[in-house]
Amino acid sequence: MHDPSWRLKGEAKRLSILNSIPEKWRLEYPVPPATELRDVTGDYIRQYLTEREIKITETDAVDIVAHTSTGRWSSLEVTEAFCHRAALAHQLVNCLHEVFFEAAIEDAKQQDEYFAKHKTPIGPLHGLPVSLKDQFHVKGVETTMGYVGWIGTFEGKQNDPRNGTGESELVRELRNLGAVLYCKTSVPATLMATETINNIISYTWNPKNRLLSCGGSSGGEGALMALRGSPAGFGTDIGGSVRIPAGFNFLYGLRPSAGRIPYQGAANSLDGQGSILSVIGPIAPTARSLTLLFKAVLGQEPWLYDPLALELPWRDEVVSETRALIEKGRAGASTLAFGIMKYDGVALVHPPIARGLRIVEKTLQRLGHRVIEWKPPSHAIAVELFSKVFNMDGGTDLKYHFGLSGESRAPQVIGTEDGVQLTASEIAALNVAKREYQKQYMDYWNSTTEVTGTGRPVDGLFCPLAPHAAVIPNEFKAFGYTGFVNLLDYTSLAIPVTFADKKVDVRSADGSVNDSEHIQWDYDAESYDAAPVGVQLVGRRLQEEKMLTLAEYLGEEIAQDAEEGV
């Protein structure tokens, strides 16, 4: 029997991605299977790189810009180093959808010429390679978003004049800032999945443990950065799609409140659905890299170009206030308070997640901060509400886009293809219920003033990103730990903590374990061994400056305690 046409078309696109990698960067020998070699980060990928390339690609975005904006490093050598490492990363874990290295190298050369002539950088991201999730339109580059039916089209539309000609608003701003764009990363078709799988590149694996998922839907971003094929990039998040891949790949990822980063001109699923808005957020190996990107984009005044962007510039005063609280805490005053939610009442967590939260709690206590148990309004209600939002069209959107090619749908995709669309009245009632839940959560957060001892409500909430670490394919349990944040439109960050350890994350001899009532034991310690473990820091709506400042401070302290085995 012949393969269906959509399969052949997907395979042709997959080969075209591989063929766009320069021959000098193609691997000569097959990579050992995951059963023989799980981890392809660190020394494994370094064997294909020069010492200079390793130095450049393992430098964070802040220090890269410090070098490129002063002429110590050329934009060209930095761009070539990351293009090389990204090419290797794709051959190891299938993380790229589009490769435009030649265009990036030409852009880098022009930046170097500009610097040589003017002795000043183009902007605050001068010479910084930035990767993009395959939702952003880049001139001359295809956007498939994982759909075979989008190949050769503009978002599935044949003969659309916008195909290959226009750029998303964020892309325009990044160019103005001096960033060098060089690749677009893999996503699950529909975007509505917590793993990254489609009929073009197949499955994107976790570089730290290739038996596991890199997360989704910004999974390619997470996998690429885990291999240091990108110093910073942008994903999108409607239910956890920035934070889950960040957590699964030992990275930082920001889910800002809606309206702070421009979405104008980006492709999307369920476009026009306004009950829970998808938002764009940066992902990077360091928290300060997120701050660099977020602050730079706001400096472009996106509210002048995106009708849904808020006129809310970067607030240095919020950063100063937060840093003052941190310094007072270091001097011995109890100035900060945090909630900790170890279990949301819906999905029991695996042992590595429980251990990650214990590390965070001990770090906060060591620093002298107040920690309270989080007892919010029912998260089961939040799960019910956002599930209804994600299915309000009865599956019309995903059915249409899969139908363009007739391709099959991966089992990880969330949603039905034959559901019943909600009526206008039903959507209105759903929005009312969401608003009422938001009010209940707001009131609960305010009520914590009575127990923090700081005269304020808690400064943030720590909780899991998922019930498990980077997950076994098809085993993602629930997305309620991230989805409730989207329902509330709160600010949230993924913060890396530790790695699953088959020798540590086990039952004790008597069968007991800390917080055992919150832990599920359908847990395969051998399979999950070395899986990255991240947690989530949640702040209130539009508190990006505060949360980024706290993440820079607490992330370093948590990493220190995790390293010391606290």
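Helices and strands here are DSSP runs, numbered from the N terminus. The model you are looking at is predicted. Here are some exercises to work through with it.

**Exercise 1. Find where M145 sits, and say what is unusual about its backbone and whether it is buried or exposed.**

*Step 1.* Start with the location: M145 belongs to the loop that runs between β2 (129-133) and α7 (169-177).
*Step 2.* Turn to the backbone. Most residues other than glycine have a negative phi. M145 has a positive phi, near 50°.
*Step 3.* Check the surroundings: with a relative accessible area of 0%, M145 is buried.

**Exercise 2. Do likewise for F250, then locate the cis peptide bond that ends at S217.**

*Step 1.* F250 is in the loop between α9 (243-248) and β7 (252-255), and its phi is positive, near 60°.
*Step 2.* F250 counts as partly exposed, at 27% relative accessibility.
*Step 3.* Now the peptide bond. Most peptide bonds are trans. The one from G216 to S217 is cis, with omega near 5°.
*Step 4.* S217 lies in the loop between β5 (202-203) and α8 (219-226).

**Exercise 3. Work out which side of helix α4 is covered, and by what.**

*Step 1.* List the buried residues of α4 (residues 61-68): A61, I64, V65 and T68.
*Step 2.* These residues span an arc of only 95° around the axis, so they fall on the same side of α4.
*Step 3.* Look for their partners: the buried residues of α4 pack against α3 (51-57), α5 (75-93), α6 (101-118) and α10.
*Step 4.* Follow one partner, α10 (residues 287-298): ten of its twelve residues are buried, among them L290, F294 and V297.

**Exercise 4. Describe the aromatic pairs W25–F101 and W445–Y490, and say what each ties together.**

*Step 1.* A pair of aromatic rings is described by the distance of the centres and the angle of the planes.
*Step 2.* W25 and F101 are edge-to-face, with 5.9 Å centre to centre and 65° between the planes.
*Step 3.* W25 is in the loop between α1 (5-19) and α2 (43-46) and F101 is in helix α6, so this pair ties together parts 76 residues apart in sequence. W25 and F101 are buried.
*Step 4.* W445 and Y490 are edge-to-face too, at 5.6 Å centre to centre and 90° between the planes.
*Step 5.* W445 is in helix α15 (residues 424-447) and Y490 in the loop between α17 (480-488) and β12 (491-499), so the parts tied together are 45 residues apart in sequence.
*Step 6.* Widen the view: W445 and Y490 belong to one aromatic cluster that also includes W374 and F484.

Conventions. Residues numbered from 1 in each chain as written. Predicted model: local features only at pLDDT ≥ 70, side-chain atom pairs only at ≥ 80, totals over all residues. Heavy atoms only, no water. Helix = DSSP H or I, 4+ residues; strand = E, 2+ residues; numbered from the N terminus. Buried < 20%, exposed > 50% of the residue type's maximum accessible area, 1.4 Å probe, protein only. Arc of directions from axis to C-beta. Contact = heavy atoms within 4.5 Å. Phe/Tyr/Trp six-rings, centres within 6.5 Å; stacked < 30°, edge-to-face > 60°.
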